[in-house]
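Here's a quick tour of a structure you can turn around on screen while you read. We'll start with a piece of one chain and then move out to where chains meet.

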4 protein chains.
Amino acid sequence: MPLQITRDVFITCAVTGSGGTQDKSALVSRSPKQIAESAIEAAKAGAAIVHCHVREPDSGKYSRRVELYREVTERIRDSATDVVLNLTAGMGGDLVLGAAEAPLPVNPEGTDMAGATERLQHVADCLPEICTLDCGTMNFAEADYVMTNTPGMLRSMGRLISDLGVRAEIEAFDTGHLWFARRLVEEGVIEAPAMIQLCMGIPWGAPDDMNTFMSMVNNIPRDWHFSAFSVGRNEMPYVAAAVLAGGNVRVGLEDNLYLEKGVLATNPQLVERAVQIVTNMGVSVMGPAAVREKLQLQKRAPR
Amino acid sequence: MPLQITRDVFITCAVTGSGGTQDKSALVSRSPKQIAESAIEAAKAGAAIVHCHVREPDSGKYSRRVELYREVTERIRDSATDVVLNLTAGMGGDLVLGAAEAPLPVNPEGTDMAGATERLQHVADCLPEICTLDCGTMNFAEADYVMTNTPGMLRSMGRLISDLGVRAEIEAFDTGHLWFARRLVEEGVIEAPAMIQLCMGIPWGAPDDMNTFMSMVNNIPRDWHFSAFSVGRNEMPYVAAAVLAGGNVRVGLEDNLYLEKGVLATNPQLVERAVQIVTNMGVSVMGPAAVREKLQLQKRAPR
Amino acid sequence: MPLQITRDVFITCAVTGSGGTQDKSALVSRSPKQIAESAIEAAKAGAAIVHCHVREPDSGKYSRRVELYREVTERIRDSATDVVLNLTAGMGGDLVLGAAEAPLPVNPEGTDMAGATERLQHVADCLPEICTLDCGTMNFAEADYVMTNTPGMLRSMGRLISDLGVRAEIEAFDTGHLWFARRLVEEGVIEAPAMIQLCMGIPWGAPDDMNTFMSMVNNIPRDWHFSAFSVGRNEMPYVAAAVLAGGNVRVGLEDNLYLEKGVLATNPQLVERAVQIVTNMGVSVMGPAAVREKLQLQKRAPR
Amino acid sequence: MPLQITRDVFITCAVTGSGGTQDKSALVSRSPKQIAESAIEAAKAGAAIVHCHVREPDSGKYSRRVELYREVTERIRDSATDVVLNLTAGMGGDLVLGAAEAPLPVNPEGTDMAGATERLQHVADCLPEICTLDCGTMNFAEADYVMTNTPGMLRSMGRLISDLGVRAEIEAFDTGHLWFARRLVEEGVIEAPAMIQLCMGIPWGAPDDMNTFMSMVNNIPRDWHFSAFSVGRNEMPYVAAAVLAGGNVRVGLEDNLYLEKGVLATNPQLVERAVQIVTNMGVSVMGPAAVREKLQLQKRAPR
């Protein structure tokens, strides 16, 4: 049957990410306090879900330290503003090879490859309602870097996430990642209906043109839930693309630093802009309670 | 090559149409004066092109009277607000058959079938920069009505339009209409690069889901110009759809009467909303001068 | 979920059609005896379904005479070769307008517009397992001809077909026809799961490129049954296209007269060629009994 | 413009591959002599291009030894049967990680990561008309294996191939690989019009459903050349899919071992079957001379 435009949409704000963006914009939050505050402001602006990474408070460099996730989680949980918490579980899959004439040994600079349990330690500790699962291995824009999540790793992480009672948001960066997501559900690793994030326009995953996008949307089972985003200047166009294809929306400084050319953005500004697009399209924005019901999420305190 | 998002977009306002909408909304303009005023307000709100039908001033019923088109044209031309004028040439192709047990003779009630020259009399008289050409024959929502534009009629009208030095906006209501548009260009009836309007979601032409839409977009030669719209509650979502697919935008009371459920709209309000969507997506709105250059249009006074 | 390649396919042979092809190939059958014999040979070659029109035995011109359908039906029913009978109900919707400067009155030459009951008289008489329903109105290659099936006519014919206990094969020549097919099912006129024939590449309906084709396939509910064909030199490529998209196959002299350039074909030759393509693709060809079970058809003698 | 069905197609036979298939079928050739003979038989059956890997003659395990490539090349060059030679350059990008709880250190068992120059040593030595370039990094069906070709590696290999005057066949296993292929051409690493192989249905790259396939086809520049294949039971259906989408064909034991369930195939049998499908579709099969002209290839003796 034809795809339907989403009439009630939820917005996720991807607050800070793990990229080297802290040196490009002073508005990228670094400390748990800053991250939590930015998340809460995004929620006030209309985001029902906040997707958080953590960073080293001093350098702004990405981190996997559980205590940082813990502080972010508690600050968000303790705030007066309700929001669904989504923590990344993407860290610990960074592999940097040697240069083209000697790919091995692995380059320790930038490599951070952890085991499945270690990659989910903060999830086990913080018990967010959602955590991400980057569903494949691929090149990124850099010369020698590989985002590395093997089938074996994904099965292990998927089972651990399910056992924790946390909902996995499966991030698909290309059509093959989405295929493996269906396989994880067929194998019972993740329960149906699953929740998918289509990560478009990130080199060298799926490009964000509408033909590629629709081919991915067409391969998501109709009873699953999905969001989609693109990066940089296409972040805002993709707010509309996601809605048109029957999905939900993600914006935030993880994916794009600018409000317009030369004007750095804050998270609530990006969320407000998404709300503008969505409501002008005649679509309603869901709050966190409605999202919890729709996605069957359980709000829990950290352990 | 992948389709590109439009970065500079033009907005057409379809001011009043020919449907029986005048009894559904008092905001539908009827007299040439009202139509011209609504067109000018739409232009002030951001429409670079106004697409106009005329109506009988008293009843609001659609009309083909040249003097009404003439008055609309002169009022718009004489105003201080610059805008590209696009007059319909769709009238005169209305065929109503008898009911299912006796389709012939034709039902005179509602039937209005004119010859090619007669259908273009107002275009010859007013010399708008653009006029439409409905590129096919199909059922509409009503039981016995057929929008009737045969291949022979379209070739005749197309040649007449070209001879007048008016640019044809070829309206395609389904994939076969677009195929015939390409044929008209191959035959030299219309010059390349042609200008297409994808009319989506009008029963029983092409539905407005993204798969059908993209299949039409993929079949437009890349150097042509196109716009797209859908009707009713999908008018505003389609502002974004058109931009995402590399096209331009059309809104207006011809296609949708409501700002939101239960709230009747004016043309400038609909244009403003489109501008909101477009600019929040980071896309610029073109003015009439830029459109004339892009589409190689000539502004002329009526004969 | 992704579309699946068909692993068990049925082939329909469209035996003779109604076009003026009898003067282009002496192999186009004219009399009921010839039509029945060609149908039976096609069945022997692998067609599980034969789709039949009738023609005036002398001139070869298309006909709607019930006694001709009756003879075809009885000859096929009485033969030792089992095959599912599919009779056209497309005749009686031919409208020829006047030329471009005077579209009305209707041109009696070539016009044949009958009421719903009359268009189905032979179906009521012969009780084939399947009859077609051309689900819309559109231009064909000719200058002034319109294939005319209004929504009102289609609702009437659909109800009559359903009341007769005959299965409708809904022929969709463009995306809007398929939309109306879904509407007929929603309204209860035709029962779900419906049976669709995608008629591709017929000017000026949907072109037969893969993008347009897939957009139609994507809009068929997954539990419905569908076939697809194209015409002329693309008849054989479309055997493969239909299978790849999860559908079934139609070939026959109605759609294409040639085996290769300059070599006129017979129906069994075209069916054999389709069987070659299908079986080389590793796909099985279904017989009439399996098709009856799959489509829930009832074989009945004529009244 | 709509995609056109290929009317003159070339067939590549992928003779032996590098997978562990030698233990599944005794018909998988191992020694250079066997590989060359199978390639020549495939050429006689209709393959204009043979794509060859080499294996250790005793174990049948994949190999990168230059002398084995040399022997294959010379045997094929010296035979009376003309065929275009395409050597793999995919070897040397095999990375096997540790299991899910300890992904590093790399598992030496199965890991074979070579530098760019080393990976192309046999290409420099044999000077085939074509060599492949696997245009990305991704998971395969196995638990811990990653096919690893970073952007840096691909730029280095691409430049070396171009400098050798060998034509690169860029293998795209997912939409992001194709995006990077376009980038390589934009950067001048590979000359336009490039030659693409769409490798479909290989877990966990792009699935081989028609929607995903068409989204990749739509993103190949129209003046480039492309082939496409799928694996296992979908090898033969994809012969038709490639032709329908305007591409060329690849079959062979590298991608599929069976003629039908339980019946092991030889290369010439698979090529013959592809020829059957293609010619029954009314499409001509090109010989090696026509392919050389079309792709602007130069036949050269090894150094």
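## Strand β3 of chain A and its partner

In this predicted model, take a look at strand β3 of chain A, which covers residues 49-52. Ile49(A) and His51(A) point to one side of the strand, while Val50(A) and Cys52(A) point to the other. Whichever way they point, all of them are buried.

Who does β3(A) pair with? That would be strand β2 of chain A, residues 11-14. The two run in the parallel sense, and 3 bridges link them. If you want a spot to zoom in on, find Thr12(A), which sits opposite Ile49(A) of β3(A).

## Phe10(A), in the loop

Between β1 (8-9) and β2 of chain A there's a loop, and Phe10(A) is in it. Is Phe10(A) buried or exposed? It counts as buried, because its relative accessibility is 1%, and the cut-off for buried is under 20%.

Phe10(A) has plenty to touch, even leaving aside neighbours within four places in sequence. Its contacts include Ala48(A) and Ile49(A), along with Met195(A), Val249(A), Met286(A), Val291(A) and Leu295(A). Ser227(A), Asn248(A) and Lys294(A) are in contact with Phe10(A) as well. Take Ala48(A): 38 residues separate it from Phe10(A) in sequence, yet their C-alpha atoms are 6.1 Å apart.

## Where chain B meets chain C

Now for the chains. Between them, chain B and chain C bury about 3,700 Å², with 65% of that on carbon and sulfur atoms. The contact involves 52 residues of chain B and 52 residues of chain C. You'll find 0 salt bridges here, but 21 residue pairs are in polar contact.

On the chain B side, α3 (116-119), β10 (138-139), α5 (151-164), α6 (175-186) and α7 (210-218) each put in at least two residues. The most come from α6(B), with 7 residues. By class, the side of chain B that touches chain C has 24 nonpolar, 21 polar and 7 charged residues.

## Where chain D meets chain B

Chain D and chain B are in contact too, through 7 residues from each of them. About 670 Å² is buried between these two chains, 58% of it on carbon and sulfur atoms. In chain D, the residues that lose the most area to chain B are Met1(D), Pro2(D) and Asn218(D), together 62% of what that side buries.

The side of chain D that touches chain B is made up of 4 nonpolar, 2 polar and 1 charged residues. Between chain D and chain B the count is 0 salt bridges, and 0 residue pairs are in polar contact.

Conventions:
Residues numbered from 1 in each chain as written. Chains lettered and ligands numbered in written order. Predicted model: local features only at pLDDT ≥ 70, side-chain atom pairs only at ≥ 80, totals over all residues. Heavy atoms only, no water. Contact = heavy atoms within 4.5 Å. Buried area = accessible area lost by both parts, 1.4 Å probe. Salt bridge = Lys/Arg side-chain N within 4 Å of Asp/Glu carboxyl O. Polar contact = N/O pair within 3.5 Å; in protein donor to acceptor, adjacent residues only side chain to side chain. Nonpolar A, V, L, I, M, F, W, Y, C, P; charged D, E, K, R; others polar. Buried < 20%, exposed > 50% of the residue type's maximum accessible area, 1.4 Å probe, protein only. Helix = DSSP H or I, 4+ residues; strand = E, 2+ residues; numbered from the N terminus. Pairing = 2+ DSSP bridges.
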